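Here are some short exercises to work through with the structure open in your viewer. Try each task yourself before you read the solution below it.

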Amino acid sequence: MRMYYSGGGRQNPDFRYKVKVTYPLTGMREWCDAYPTRTPGGEFERYYIEFPQYDADHATFQFEWEEPAIMFALKFVK
């Protein structure tokens, strides 16, 4: 899977599937990058990390499709 990149469009997407995790984010981005996609190129199978504007102890990972969101939550949410 690949991270969302706007390429001149919307800078902060609002994907349907969201998982809130607490710091540290050790290994989470690498896990997302390594997650296999259903189609070659992985179009519309991306993720995005939303960091709060102010100091907080969490970040929100957003996913375009449900399967990786569930698997991510099972692995990283305690």
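**Exercise 1. Work out what share of the chain is buried, and how the overall dimensions fit.**

Start with burial: in this predicted model, 35% of the 78 residues count as buried, where buried means under 20% relative accessible area. Next, take the surface: about 5,400 Å² is exposed, and 51% of that comes from carbon and sulfur atoms. Then turn to the dimensions. The C-alpha trace spans about 35 × 30 × 20 Å along its principal axes. Finally, compare with the globule rule: a compact globule of 78 residues would have a radius of gyration near 12 Å, and the chain agrees because its value is 12 Å.

**Exercise 2. List the secondary structure elements in order and arrange the strands into a sheet.**

First, count: the chain has two helices and four strands. Reading from the N terminus, the order is β-β-α-β-β-α. Now place the strands side by side. They form an open sheet with the order β1-β3-β4-β2 and mixed pairing. The edges are β1 (2–3) and β2, each of which pairs on one side only. As a last step, look at the contacts: among those with a separation of 6 or more, 71% are between residues 24 or more positions apart.

**Exercise 3. Trace the partners of β4 and give the sense of each pairing.**

Begin with β2 (residues 17–22), which is antiparallel to β4 and joined to it by six bridges. Two positions help you fix the register: K20 has T60 as its bridge partner, and T22 lies opposite H58. Move on to β3 (residues 46–50), which is also antiparallel to β4, with four bridges between them. Here Y48 is the residue to find, since its bridge partner in β4 is Q62.

**Exercise 4. Decide whether β4 is enclosed or open to solvent, one face at a time.**

A reminder helps here: side chains in a regular strand alternate between the two faces of the sheet. On one side of β4 sit H58, T60 and Q62, and these are buried. On the other side are A59, F61 and F63, also buried. Both faces are therefore covered, and with six of the six residues of β4 (residues 58–63) buried, the strand is largely enclosed by the rest of the structure.

**Exercise 5. Compare the mean positions of the opposite charges.**

Count the charges first: there are 10 positive and 11 negative ones. Then take the mean position of each set; the two lie 2 Å apart.

Technical notes. Residues are numbered from 1 along each chain as its sequence is written. This is a predicted model: local features need pLDDT of at least 70, side-chain atom pairs count only at pLDDT 80 or more; totals for chains, interfaces and linings use all residues. Side-chain values use heavy atoms; hydrogens and water are left out. The radius of gyration is taken over C-alpha atoms; the globule rule is 2.2 Å times the number of residues to the power 0.38. Buried means under 20% relative accessible area, exposed over 50%, partly exposed in between (1.4 Å probe, protein chains only). Contact means heavy atoms within 4.5 Å. Accessible areas come from the Shrake-Rupley method with a 1.4 Å probe; for residues, only the protein chains shown count as cover. Lys and Arg count as positive and Asp and Glu as negative; His and the chain ends are not counted. The place of a charge is taken as NZ of Lys, CZ of Arg, CG of Asp or CD of Glu. Two strands pair if DSSP finds at least two bridges between them.
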